[in-house]
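Dear colleague,

Please find below the sequence and the structure that I am handing over to you. My notes on what was found follow directly after them.

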Amino acid sequence: MSARFSFVVFDLDGTLVDSWKDLADAANALVGAYGRPALPDAAIAEMIGDGAGVLVQRVCAAAGVEAAPHDAVVRFLAIYDRAMLTHTLPYPGVPAMLEALGSRVPLAVLTNKPHEATRRMLEAFDLARCFTACIGSEAGFPRKPDPTALWHLVEQAGATRDTTVLVGDSAIDLDTARRAGIRLCLARYGFGYRPALEPLRPGDLAVDHPTDLVRIIEP
């Protein structure tokens with residue numbers, strides 16, 4: 001099945017880049033600094049998606065840090081900033097997919113990752129040039145699943161909600177699309193995907209590989 005769109009908005013972690021290992025390592029380095037044992041990587045991967053502050057709260061609670069210290073988020077971001085590209089890579093097929101789609105419709109990024117880290121990551125993989133706009137946390141908008149930033153991107157692109165699709169891998173992305181009144185394309189290959197996210201609504205899409213987007217999203 002294919003659908004016609006004039007604007008495509010992408011989540012970052014779990015949709016464009018496979019980043020869970022570096023996030024998990026930074027989280028475990030943080031709890032280790034507080035004298036707590038490391039958590040399983042898979043458990044941390046399930047906590048990712050709501051932004052650094054929420055991730056730190058969840059990790060500290062799971063590791064038995066009685067109350068997340070006031071500087072925990074700052075410490076986590078400093079740790080992550082030093083090693084955010086150690087294991088992280090674009091999912092196979094993402095660069096080619098973005099090149100193909102970007103020649104047909106405008107593309108944007110909407111993520112709960114801090115804005116500066118998002119910019120650095122996209123530039124490191126030569127992906128920033130594929131997007132007409134990018135919004136991360138700390139960019140002046142509420143975090144997903146609040147729809148405000150998504151609506152802003154749609155207006156900025158001169159698109160409409162009916163002709164925009166949000167591509168994402170997690171429950172946060174699904175909730176954002178629902179609140180915004182915009183269709184979702186579920187990235188089943190991402191680390192945030194769970195079978196419980198389905199079945200989708202009529203008009204929504206799903207892909208098992210990034211390059212499937214080129215086939216199903218028509219300009």
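**Salt bridges and helix 1**

R58 and D50 form a salt bridge, in which the closest N and O atoms are 2.8 Å apart. Please bear in mind that the model is predicted. The two partners can be told apart by their accessibility: R58 counts as partly exposed because its relative accessibility is 34%, whereas D50, at 15%, falls under the 20% limit and therefore counts as buried.

This pair belongs to a broader set, since the structure holds 16 salt bridges. As general background, side chains of opposite charge can pair when their charged atoms come close.

A further salt bridge links R129 with E99, and here the closest N and O atoms lie 2.5 Å apart. R129 is in the loop between helix 6 (115–124) and strand 6 (133–137), while E99 is in helix 5 (residues 94–102), so the pair ties together parts that are 30 residues apart in sequence. With a relative accessible area of 53%, R129 is exposed. E99 counts as partly exposed, its relative accessibility being 38%.

R188 also takes part in a salt bridge, with D208 as its partner and 3.5 Å between the closest N and O atoms. Both residues are in loops: R188 lies between strand 8 (183–187) and strand 9 (205–207), and D208 between strand 9 and helix 9 (212–216), so the pair ties together parts that are 20 residues apart in sequence. At 30% relative accessibility, R188 counts as partly exposed. Elsewhere, D11, K144 and D173 are joined into one network by salt bridges that share partners.

I turn now to helix 1. What span should its 14 residues have, at 1.5 Å a residue? Helix 1 covers residues 20–33 and should span 20 Å; the C-alpha atoms at its ends are 20 Å apart, which agrees with that expectation.

Which residues of helix 1 are buried? They are D22, L23, A24, A26, A27, N28, L30 and V31. These buried residues pack against three helices, namely helix 2 (41–45), helix 3 (52–63) and helix 4 (72–83), and against strand 5 (107–114). Just after helix 1 comes G35, which takes a positive phi of about 80°.

When you open the model, you may wish to begin with the pair R58 and D50, and then to follow helix 1 along residues 20–33.

With kind regards

Terms used: Residues numbered from 1 in each chain as written. Predicted model: local features only at pLDDT ≥ 70, side-chain atom pairs only at ≥ 80, totals over all residues. Heavy atoms only, no water. Helix = DSSP H or I, 4+ residues; strand = E, 2+ residues; numbered from the N terminus. Expected span 1.5 Å × (residues − 1). Buried < 20%, exposed > 50% of the residue type's maximum accessible area, 1.4 Å probe, protein only. Contact = heavy atoms within 4.5 Å. Salt bridge = Lys/Arg side-chain N within 4 Å of Asp/Glu carboxyl O.
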